[in-house]
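Reader: I would like a close look at a single part of this structure, and I would be glad of the definitions along the way.

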Amino acid sequence: MNPINFENKVALVTGASRGIGKAIATTLATYGAQVAICATNLDTARETAAQIENETQRKVVPFQTNVADFNQAQDLVKNTIEQFGKIDFLVNNAGITRDGLILKMTEEAWDQVINVNLKGVFNVTKATIQHMMKARYGRIVTISSIVGIHGNAGQTNYAAAKAGIIGFTKSLAKELASRNINANVVAPGYVDTDMTAVLKEEARNAMLNAIPLKRTATPQDIANATAFFLSPMADYITGQTLEVDGGLSL
Ligand SMILES: NC(=O)c1ccc[n+]([C@@H]2O[C@H](COP(=O)([O-])OP(=O)(O)OC[C@H]3O[C@@H](n4cnc5c(N)ncnc54)[C@H](OP(=O)(O)O)[C@@H]3O)[C@@H](O)[C@H]2O)c1
């Protein structure tokens, strides 16, 4: 049996209109899954869903959701269940940055990042697991960052949220293991997406020099690790964090 065959599986991927989330949604659909995606901008989510459907011939449904909003997260899951009847895989990927040194960081920048990157994970996971618990099956992957493990100057808000996800996932794994629900974390290093496009050339080159594999990650590198955790190859792995960073944090 091909261990990565997601025929008859339904995946919900948050923040999947661009970047890493889009690569994850495309990869899961390529392996046969039907996919629900969400973003705050519905037009982009619609375009992406149509593109993935076209490429993979799998059903991909876009939703407009701000994961930081508890009620919108409830609606996202309700609408996904209405469309597909179940959710086998949840990928908590939606995330933002509002960088700045702590001395200059505003309360708003702190709250926005914690609300999207940490509370958003709670919101969507809480709404999803009741369906997974009834089905006695579920696989959850949450996208953190090596910054949540090692820290980064200028990202106290982001690091706090990304570290929080790791503790959240370990606890979730312990709570849900008896229901055959596994929860793991993928912690990327530097990935080429809109999020990192704002970095100055100098900072990018310094980062590149520090990566033992001498290249930045592609969104596909992160999608591959995510697909592994969702696949039967990872059935005996739960509560773990996998750093996918080309050796940057060694
Ligand atoms: N790029 C990296 O180097 C890197 C490294 C480590 C970890 N990560 C993590 O990987 C994840 C994806 O990052 P990325 O680089 O692919 O980012 P990106 O290119 O900026 O894409 C972010 C995606 O999330 C959506 N999104 C943003 N806020 C949202 C919200 N409140 N509710 C729902 N969707 C929302 C965006 O769509 P809308 O704008 O339409 O909402 C978009 O689809 C994030 O969690 C990020 O922290 C990235």
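Which residues of β5 are buried on one side and which on the other?

Author: A word on the model comes before the strand. This is a predicted model, in which local features need pLDDT of at least 70 and side-chain atom pairs count only at pLDDT 80 or more, while totals for chains, interfaces and linings use all residues. Residues are numbered from 1 along each chain as its sequence is written.

On one side of β5 the buried residues are G138, I140 and T142, and on the other they are R139, V141 and I143, so that both faces are covered. A residue is called buried if 20 or more other C-beta atoms, placed from the backbone, lie within 10 Å of its own, exposed if 12 or fewer do, and partly exposed in between. By that count 6 of the 6 residues of β5 are buried. In a regular strand the side chains alternate between the two faces of the sheet.

The strand β5 (138–143) belongs to an open sheet of 7 strands in the order β3-β2-β1-β4-β5-β6-β7, with parallel pairing. Strands (E, at least two residues) and helices (H or I, at least four) are DSSP runs numbered from the N terminus, and two strands pair if DSSP finds at least two bridges between them. The edge strands, each pairing on one side only, are β3 (60–64) and β7 (241–244), and the twist averages 15° from one strand to the next. Between β4 and β5, which run parallel, there are 4 bridges, and N92 has T142 in β5 as its bridge partner. Elsewhere in the sheet, β2 and β3 pair in the parallel sense over 5 bridges, with V61 in β3 as the bridge partner of A36.

Helices also bear on this sheet. Helix α1 lies across β1, β2, β3, β4 and β5, running at about 170° to β1, where axes are lines fitted to C-alpha atoms, for helices over the stretch in contact, and angles run from 0 to 180 degrees between N-to-C directions. Helix α3 (residues 70–84) packs on the sheet as well, touching β1, β2 and β3, and its direction makes about 155° with that of β2.

The largest nonpolar core has 67 residues, and among those with the most contacts inside it are A11, V13, L28 and V35. Such a core is a set of buried Ala, Val, Leu, Ile, Met, Phe, Trp, Tyr and Cys residues joined through C-beta atoms within 7 Å. Helix α4 (residues 107–135) gives the most to this core, with 8 residues. Leaving aside its neighbours within four places in sequence, L28 is in contact (C-beta atoms within 7 Å) with F6, A11, A33, V35, F89 and A227.

For contrast with the covered strand, A50 in helix α2 (residues 42–56) is exposed, because 12 other C-beta atoms lie within 10 Å. The C-alpha atoms of A50 and V61 are separated by 8.4 Å, although the two residues are 11 apart along the chain. F228, which lies in helix α9 (residues 219–230), is partly exposed, because 17 other C-beta atoms lie within 10 Å. Neighbours within four places in sequence aside, F228 is in contact with M233 and A234.

Definitions and conventions. Contact = placed C-beta atoms within 7 Å.
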